[in-house]
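New to this one? Here is a quick tour to read with the structure open beside you.

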Amino acid sequence: MTWLDDAIGWVSPQMGARRLAYRHRLDLARRSYDAARRDHRTSGWHTAGSSANAEIAFSEEIVRNRTRDLGRNNGWACQILDTFADHAAGTGIVGAPMGLKARNQQRVGQAWMNWGEVCDHDGDHDLPGLLWLATKGMAESGASLIRFRRLQFDASTSVAPLSLQVLEPDFIDPLKDGTTRDGGLIDRGIEYDAKGRKVAYWLLPHHPGDVASWRRRSLLSERVPADEVVYLYQKLRPGQDRGMPLLAPAVMTLRDLDSYFDAELVRKRIESCLAGFIQTPEDDLQIGTNAGESREQQKQKYGKLVDKFEPGMLTRLHPGEQITINKPSDSQGVSEFAQLHLREAAAAAGVMYEHATGDFSGVNYSSWRAGHHGFRRRMERVQWHVLIHKACRPIQMRWREAARAAALLPSADFGWRWTPPGFISVDPYKDAQADLANLRMGKVTLRQLVEERGYDFVEQLLQLAEDLKSVEDILGSDFRFDGDPRKALNGAKPSSSDKAEQNDAAEAA
């Protein structure tokens, strides 16, 4: 407090208390976050406190179309989108039943595999291919739709009467708004109940961008219950009901990089135009432009006048003349500028710079393994929280329902497990030793190691048993090779005495 505050407080205690309160507020403001300051550094920073859905509503279509354009015309964007889908979905997430006896488990697993080969509504992919396509669409368009199509069946049906159709989010009718009778809400094609839960999607029968045949098609949307559709997207904020493209934070970065390359290319083209300038010591002599002499007179006096260059041309100059050729400037900093922008774009999309560009010149074995851990964590989160939870589990439940309706399952009481594809090993020998150590310590199971590589465990065992039986039938039971997991790796062959003891033990048994 100052003497002025004391004087005001003595004359008017109420006014003095107000001055102290405002002074306290000013003191708190000085001690607040620097990020909340309003000065010349933040005068052009416009921030909104709207919800995630409100922000997406004004930007979804524009960002989606721009990302698709980059995916078509920008090599870096195409590489980032494919890299995301390849590592998240890869060759497919393996699903297999559990909790059944060996025979029933084999029958259920075979029924799942048979259906997965023909489950595409369009007939172009199998189940792993559909999952990769949906993941790529989620990265490029912000979301993907997987619609369940029920099929008719009879006694001759051998696969579950169900097909899957992958659609782009453009099929959701953005003009469908309003309220429902039960107090719900329809917001841009998504219907909610009175508690704010999704209950239906209003889907267009055809893609709205299919302008080639729009006159023959109707764009009247139909209501599809939410349990008949998988809306695949990454939920990054609480309350977010729609997805945004993976490249949304990197759209301007990649666009600016394209513009920079175009400007640099134009500059190089201009500088590549070779130009020569003839200089003469006589100020009053202008070759080719002397108004007092005709061109024929100048040609007789000075010889042939050369005013352009051709490849391989040689010419002589008159005494005192010289030619100056413009030299193109060096392009410095282009590579550093491109690397900086591509690193920012890769970080915004959640992939590694080396994955996005194919440039591995700045890494070694140790740095690559260390940097790859964070990327693997991100991909594992996408695999389990997005693909398996939102897509694989609903698909398996619908398949089980359809298979039971067609009487294709020997039992209905069984569980299900999912195994995402494993990451490609940089050093297979060391990783194999680590897998063996983890297997011996019980940290993983043999089933997990097999399915991590995209194979069904039961099918793997059946194939292995068939191979070993063929080896014994052809080469005999005493033949050993390192590929037989029942015998020690690189172990010594048994001697004749050992064979005799084994035979005696077998006869006694």
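What follows is a short briefing, grouped by topic.

Keep in mind that this is a predicted model. A search of the whole structure turns up 22 salt bridges, and 5 strands come together in an open sheet. The count of disulfides comes to 0.

**The open sheet**

- The strands line up in the order β4-β5-β6-β7-β8, and their pairing is antiparallel.
- The edges belong to β4 (178–179) and β8 (222–225); each has a single partner strand, so one side of each is left without a neighbour in the sheet.
- As background, strands of a sheet pair through backbone hydrogen bonds, in either a parallel or an antiparallel way.
- At the β4 edge, 2 bridges connect β4 to β5 (residues 185–187), and the two strands run antiparallel.
- Look for glycine 178 if you want to see this pairing: its bridge partner in β5 is isoleucine 186.

**Strands β2 and β3**

- Over in another pairing, β2 and β3 are joined by 6 bridges in the antiparallel sense.
- One spot to find is arginine 147, which sits opposite glutamine 165 in β3.
- How many residues of β3 are buried? The count is 6 of its 6 residues, so to speak a mostly covered strand by the 20% cut-off for relative accessible area.
- In a regular strand, side chains alternate between the two faces of the sheet.
- In β3, Leu162, Leu164 and Val166 point one way while Ser163, Gln165 and Leu167 point the other way, and all are buried.

**Serine 144, in β2**

- Serine 144 is found in strand β2, and with a relative accessibility of 3% it counts as buried.
- The side chain of serine 144 reaches the backbone oxygen of alanine 134 at 2.8 Å.
- Setting aside residues up to four places away in sequence, serine 144 touches Ala134, Gly137, Met138, Leu167, Val230, Tyr231 and Leu232.

**Salt bridges that link distant parts of the chain**

- Arginine 68 and aspartate 170 meet through their side chains in a salt bridge, at 2.6 Å from N to O.
- That pair links distant parts of the chain: arginine 68 is in helix α3 (residues 52–73), aspartate 170 is in the loop between β3 (162–167) and β4, and they are 102 residues apart.
- Both arginine 68 and aspartate 170 are buried.
- Arginine 68 and aspartate 170 also belong to a network of salt bridges, in which they are linked with Glu60, Arg64, Glu168, Asp187 and Arg188.
- Which residue meets arginine 150 in a salt bridge? The partner is glutamate 228, at 3.0 Å from N to O.
- Arginine 150 lies in strand β2 (residues 144–150) and glutamate 228 in the loop between β8 and β9 (229–232), so this pair ties together parts that are 78 residues apart in sequence.
- The two ends of that bridge are covered to unlike degrees: arginine 150 is partly exposed, at 48% relative accessible area, whereas glutamate 228 counts as buried at 14%.
- Glutamate 228 also meets arginine 398 in a salt bridge, at 3.6 Å from N to O.
- Here the link is between helix α11 (residues 365–405), which holds arginine 398, and the loop between β8 and β9, which holds glutamate 228; the two residues are 170 apart.
- Arginine 398 is buried, with a relative accessible area of 13%.

**Helix α11**

- At the start of α11, a side-chain oxygen of asparagine 364 comes to within 3.3 Å of the backbone nitrogen of serine 366.
- Further along, α11 bends by about 55° at isoleucine 388.
- After α11 comes alanine 407, with a positive phi near 60°.

**Asparagine 74**

- Asparagine 74 lies in the loop between α3 and α4 (75–88), and is buried at 3% relative accessible area.
- A polar atom of the asparagine 74 side chain lies 2.9 Å from the backbone nitrogen of tryptophan 76, and one also lies 2.9 Å from the backbone nitrogen of alanine 77.
- Leaving aside neighbours within four places in sequence, asparagine 74 is in contact with Asp69, Leu254 and Asp258.
- Asparagine 74 and leucine 254 are 180 residues apart in sequence, but their C-alpha atoms are 8.0 Å apart in space.

**Two cysteines**

- Cysteine 78 is partly exposed, with 29% relative accessible area.
- Cysteine 392 counts as buried, at 4% relative accessibility.

Technical notes: Residues are numbered from 1 along each chain as its sequence is written. This is a predicted model: local features need pLDDT of at least 70, side-chain atom pairs count only at pLDDT 80 or more; totals for chains, interfaces and linings use all residues. Side-chain values use heavy atoms; hydrogens and water are left out. Two strands pair if DSSP finds at least two bridges between them. Helices (H or I, at least four residues) and strands (E, at least two) are DSSP runs, numbered from the N terminus. A salt bridge is a side-chain nitrogen of Lys or Arg within 4 Å of a carboxyl oxygen of Asp or Glu. Buried means under 20% relative accessible area, exposed over 50%, partly exposed in between (1.4 Å probe, protein chains only). The bend at a residue is the angle between axes fitted to the seven residues ending there and the seven starting there. A polar contact is a pair of N or O atoms within 3.5 Å; within protein, one must be able to donate a hydrogen and the other to accept it, and residues adjacent in sequence count only if both atoms are side-chain atoms. Contact means heavy atoms within 4.5 Å. A disulfide is a pair of cysteine sulfur atoms within 2.5 Å.
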